[in-house]
Structure formats: C-alpha cells, structure tokens
Amino acid sequence: MTTDPFFHPVSGMDLPRFAGIPTFMRLPLVQPDHDRFSEVDIGIIGVPWDSGTTNRPGPRHGPRQLRDASTMIRAQHGVTGLRPFETLACADMGDVGPNPVDILDSMERITAFYNKLRLNGIRPLTAGGDHLTSLPVLRSVARDEALGMVHFDSHTDLWDSYFGGQLYTHGTPFRRAVEEGLLDPKRVVQIGIRGSMYDTEDRDFAAANGIRIIPVEELHARGVEDVMVEAREIIGTAPTYVSYDIDFVDPTFAPGTGTPEAGGPNSYQALQVVRALQGVDIVGADLVEVSPPFDQTGGTAFLGVTIMFELLCAMIGQP
C-alpha cells in the first residue's frame with residue numbers, strides 16, 4: 001500500500017529536473033487554504049527570515065535556494081531503500097511570511113502558521129532562516145509537553161542576551177526554549193560544538209541545567225556511531241525535536257553560512273549522524289542557517305537539502 005499519487009514527487013523521468021516550478025523535493029504545494037491540507041502527514045515549510053542574525057546576514061534567502069537544489073532529490077533512499085513519499089503523505093506547505101523589520105511580530109506569525117499544522121496533526125520539517133527560527137516553531141510543536149532535542153551545531157545557542165539585553169537572536173533560542181518549558185534540558189544533547197568563545201556563560205547554563213554538550217573534539221575521537229548511541233540514550237523514547245545548523249559541517253564542505261567554524265565533520269559524517277536517528281520519535285525537525293550569498297556555487301544548499309531528505313526519512317522510519 002502506498003500513499004495517494006497526488007503526494008508523490010514529480011519524477012525526473014517525466015519532467016527534467018531543471019524544468020517546472022521548484023517545490024521542496026518536487027512535491028505538491030499544499031498551503032493552508034488547500035482542500036487537501038489536512039491529509040498531509042509531514043509538511044516541509046520555508047521560513048525565509050534572518051532578523052536574529054548578529055553578523056553575516058543571508059539565511060532569509062535559504063529556503064528559495066534549498067527548494068531549487070531539492071529538485072535533485074529522488075524517490076528512494078540509496079542506503080535503506082526507504083521510499084518516503086510512498087510511506088507517508090508529504091507536501092511543500094509554502095513559506096511563512098515574516099515581518100522583516102519586527103522580530104517579535106515575525107515569531108508570532110511563525111508560531112501561528114505552525115499551530116495550523118499542529119491542529120491538523122502535520123509534523124513539520126523546516127527550512128530556515130537563521131537559528132532563532134527554532135524558537136517560534138517550538139512554541140507550537142512543544143505546546144503540550146516539553147520535548148527532548150538532538151541539536152547539531154558548532155554553537156550552543158544558549159546565550160542569555162546580546163547587545164545590552166536583547167533576548168532574541170540566533171544565539172539565544174534554546175536558552176529561551178528551556179526557560180519557557182519547551183525543552184526538557186535533561187533530554188537535550190548538543191553535538192559538534194567548537195570554535196573560539198566569548199566566555200563560558202552558555203556552557204555554564206548547560207551544566208547547571210543538565211544539557212549534554214559533546215564538543216567536536218569528542219565527536220572526532222569517539223566516532224559518529226558511539227556518540228549517536230549516547231545521544232539516543234539521552235533523548236530516550238519520548239517525543240524529540242531535531243535541530244540542524246548547517247555550520248555543524250566544516251566550512252570546507254558548507255561555506256554558505258553566517259558563522260562558520262573550522263574543524264567540523266565532513267559531508268558524509270553530516271549524513272551519518274541523521275541516519276543514526278532512525279526509530280526516534282521525531283515530532284519536528286529543522287535545517288537552518290544556509291546563507292546563499294556566501295556560497296554562489298550552491299553546494300551548501302545541495303548538502304542542506306540532502307540532510308533534509310535524511311531528516312525526512314528519519315521522521316518516517318525504517319522501510
């Protein structure tokens with residue numbers, strides 16, 4: 001038994017991948033006013049917004065480039081054999097329309113959009129946007145219970161504030177999420193953390209609240225398989241969110257991001273860590289911080305949508 005063909009992507013055998021209107025993974029566009037909206041199981045959403053960026057801007061352009069790159073995604077996983085689009089009904093649900101001059105209003109708009117998905121039982125896979133995007137998404141997805149989280153990044157995003165008390169930047173979303181009861185800090189693991197530091201405020205907060213930080217040096221020393229075994233032990237079997245900052249990956253492989261840090265995983269390891277999440281109860285996921293102006297080749301976006309496909313397959317489960 002497979003899903004309704006309406007929810008299957010357009011095949012490159014029927015329409016060349018360089019032709020047609022690009023949607024995420026060539027899936028149908030099913031926005032909230034569509035008469036089949038409630039039939040969607042997993043929705044892919046763009047959040048073209050980077051007002052939380054503190055240095056190099058550009059992730060607001062990420063969803064558009066990610067959509068274009070995603071036309072290369074095919075129907076079957078090359079390793080597991082999973083055919084995700086035949087297993088659950090998936091669709092491109094369009095973009096959230098942000099307010100580019102008002103952070104608080106944009107976050108309200110994002111949460112309201114995701115509330116429509118939650119009320120219809122649709123699990124979201126998000127293409128950001130900067131990492132502040134995760135906070136308004138979690139305000140919807142985690143509305144009824146605190147979630148665990150697997151967080152791939154080179155930064156903790158646990159800072160309290162920037163620039164004299166500004167609470168909402170792409171360096172603060174998970175501090176706010178813990179404070180608001182959206183995340184259970186004892187079920188949060190952050191993997192790949194590295195780079196020079198302002199001080200230890202973020203790591204002190206993690207230690208005080210039970211958040212497990214796995215620095216990139218430990219990831220390299222232990223290997224992906226061993227680290228991901230521990231990650232799964234931390235999150236357990238309860239509902240979990242996955243947040244993936246593209247700067248988790250070494251900038252040799254993903255230069256198109258706002259805050260690159262040397263010494264990260266390669267592109268294969270970037271996929272391995274997600275494959276290790278098969279069977280986890282993933283209620284939502286995001287891929288953020290792809291910044292097209294810093295990689296005109298489009299290679300970062302292509303890696304980004306490949307990671308999104310892996311996330312989608314992890315959300316669906318084994319074939």
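Which residues does Ser 154 touch, not counting residues up to four places away in sequence? In this predicted model, the list consists of Gly 192, Ile 193, Arg 194, Asp 247, Phe 248, Thr 259 and Glu 261. Ser 154 itself is placed in the loop that runs between strand E4 (147-152) and helix H5 (173-179). Its relative accessibility is 0%, and because buried means under 20%, Ser 154 counts as buried. With Asp 247, one of the residues on the list, the contact is also polar: the two side chains meet at 2.8 Å.

The loop between E4 and H5 also holds Asp 157. Asp 157 is buried as well, with a relative accessible area of 5%. Its backbone has a positive phi of about 55 degrees, although Asp 157 is not a glycine. Most residues other than glycine have a negative phi.

The overall architecture was examined next. The protein chain contains 10 helices and 8 strands. Its C-alpha atoms fill a box of roughly 55 × 40 × 40 Å along the principal axes. For 319 residues, a compact globule would have a radius of gyration near 20 Å, so the value of 18 Å for the protein chain agrees with such a form. Of the 319 residues, 55% count as buried. Contacts were also sorted by separation in sequence. Among those between residues at least 6 apart, 76% join residues at least 24 apart.

The surface and the charges can be described in a similar way. About 12,800 Å² of the protein chain is exposed, and carbon and sulfur atoms supply 52% of this area. The side chains include 25 positive and 42 negative ones. The centres of these two sets lie 3 Å apart.

A second positive phi occurs in the part of the chain that precedes strand E1 (42-47), where Arg 26 lies. Phi of Arg 26 is near 65 degrees, a positive value in a residue other than glycine. With a relative accessible area of 6%, Arg 26 is buried.

Arg 36 also belongs to the segment before E1. At 19% relative accessibility, Arg 36 counts as buried, because the cut-off for buried is under 20%. The side chain of Arg 36 makes polar contacts with two acidic side chains, those of Asp 4 at 2.7 Å and Glu 39 at 2.8 Å. When neighbours within four places in sequence are left aside, Arg 36 is in contact with Asp 4, Phe 6, Phe 7 and Val 30.

Further along the chain, the peptide bond from Gly 128 to Gly 129 is cis, with omega near 20 degrees. Most peptide bonds are trans. Gly 129 is found in the loop that joins strand E3 (123-128) to H4. Helix H4 covers residues 134-141 and is mostly covered, with 7 of its 8 residues buried. The buried residues of H4 are Ser 134, Leu 135, Pro 136, Val 137, Leu 138, Ser 140 and Val 141.

Two other loop positions were considered for what lies around them in space. Thr 80 is placed in the loop between helix H1 (62-69) and helix H2 (84-87). Its relative accessibility is 29%, and Thr 80 therefore counts as partly exposed. A polar atom of the Thr 80 side chain lies 3.1 Å from the backbone nitrogen of Leu 82. Thr 80 and Arg 275 are 195 residues apart along the chain, yet their C-alpha atoms are separated by 9.3 Å.

Gly 298 occupies the loop between strand E8 (282-288) and helix H10 (299-316). Gly 298 is buried, with a relative accessible area of 17%. From Gly 298 to Gly 256 the distance in space is 8.1 Å, C-alpha to C-alpha, while the two are 42 residues apart in sequence.

How values were computed:
Residues numbered from 1 in each chain as written. Predicted model: local features only at pLDDT ≥ 70, side-chain atom pairs only at ≥ 80, totals over all residues. Heavy atoms only, no water. Helix = DSSP H or I, 4+ residues; strand = E, 2+ residues; numbered from the N terminus. Rg over C-alpha atoms; globule rule 2.2 N^0.38 Å. Buried < 20%, exposed > 50% of the residue type's maximum accessible area, 1.4 Å probe, protein only. Contact = heavy atoms within 4.5 Å. Areas by Shrake-Rupley, 256 points an atom, 1.4 Å probe, with all protein chains shown as cover. Lys, Arg positive; Asp, Glu negative; His and termini not counted. Charge placed at Lys NZ, Arg CZ, Asp CG, Glu CD. Polar contact = N/O pair within 3.5 Å; in protein donor to acceptor, adjacent residues only side chain to side chain.
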